[in-house]
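Let's take a friendly walk through a structure, from a single contact to the whole chain. Please keep the view open beside the text as you read.

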Amino acid sequence: MMADDTFLFAIFWMVVGVVSIVAVTMIGKTVQAKAKMAEDGAYRALAERAVAALEEQTGIINTLRADLTAARTTLANVEKILKQVE
């Protein structure tokens, strides 16, 4: 009788050990997945901010390009007037 109890006791603790290992592994993988999702969200937010900054810079460059074109036109007109005055 005592040997049967010892055997059942050993099997019980082996099953508890296996279940504990599986549970800890699953919890660890869940925590890793949540951390990866948070990291991906941070990268996504960074990419969105980078795109917004790029769009803003593109607008500024286009405005500067238009201003430069207007300045070139004005300078060409001034040169033309100065040549006529000579």
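In which helix do K36 and D40 lie, and how many residues apart are they? Both sit in helix α1, 4 residues apart, about one turn of the helix. Helices here are DSSP runs of H or I with at least four residues, strands are E runs of at least two, and both are numbered from the N terminus.

Before going further, a word on the model. It is predicted, so local features need pLDDT of at least 70 and side-chain atom pairs count only at pLDDT 80 or more, while totals for chains, interfaces and linings use all residues. Residues are numbered from 1 along each chain as its sequence is written, and side-chain values use heavy atoms, with hydrogens and water left out.

**The salt bridge**

The side chains of K36 and D40 meet in a salt bridge, with 3.9 Å from N to O. The term asks for a side-chain nitrogen of Lys or Arg within 4 Å of a carboxyl oxygen of Asp or Glu. Searching the whole structure gives 1 salt bridge. D40 is partly exposed, with a relative accessible area of 33%; buried means under 20%, exposed over 50%, and partly exposed in between (1.4 Å probe, protein chains only).

**The aromatic rings**

A pair of aromatic rings is described by the distance of the centres and the angle of the planes. Rings of Phe, Tyr and Trp (its six-membered ring) pair if their centres lie within 6.5 Å; planes under 30 degrees apart are stacked, over 60 edge-to-face, and the rest tilted. The whole structure holds 2 aromatic pairs, shown here.

| Pair | Centre to centre | Angle between planes | Type |
|---|---|---|---|
| F9 and W13 | 6.0 Å | 75° | edge-to-face |
| F12 and W13 | 5.1 Å | 75° | edge-to-face |

F9, F12 and W13 form one aromatic cluster. F9 and W13 are both in helix α1 (residues 2–85), 4 residues apart, about one turn of the helix. F9 counts as exposed because its relative accessibility is 53%. W13 is partly exposed at 46% relative accessibility, and F12 is partly exposed at 46%.

**The nonpolar patch**

F7, L8, I11, M14, V15 and V19 form a nonpolar patch on the surface, together offering about 600 Å² of accessible area. Patches consist of residues with over 30% relative accessible area and no salt bridge, where like charges are joined within 9 Å and nonpolar side chains (Val, Leu, Ile, Met, Phe, Trp, Tyr) within 5 Å. Accessible areas come from the Shrake-Rupley method with a 1.4 Å probe, and for residues only the protein chains shown count as cover. One of the patch members, L8, lies in helix α1 and counts as exposed at 54% relative accessibility.

**The whole chain**

How many helices and strands does the protein chain have? There are 1 helix and 0 strands. The C-alpha atoms fill a box of roughly 125 × 10 × 5 Å along the principal axes. The radius of gyration is 37 Å, whereas a compact globule of 86 residues would be near 12 Å; this value is taken over C-alpha atoms, and the globule rule is 2.2 Å times the number of residues to the power 0.38.

Of the 86 residues, 0% count as buried. The chain exposes about 7900 Å², and carbon and sulfur atoms supply 70% of it. Further along helix α1 is A76, partly exposed with a relative accessible area of 39%. The C-alpha atoms of A76 and A38 are separated by 57 Å, with their positions 38 residues apart along the chain.
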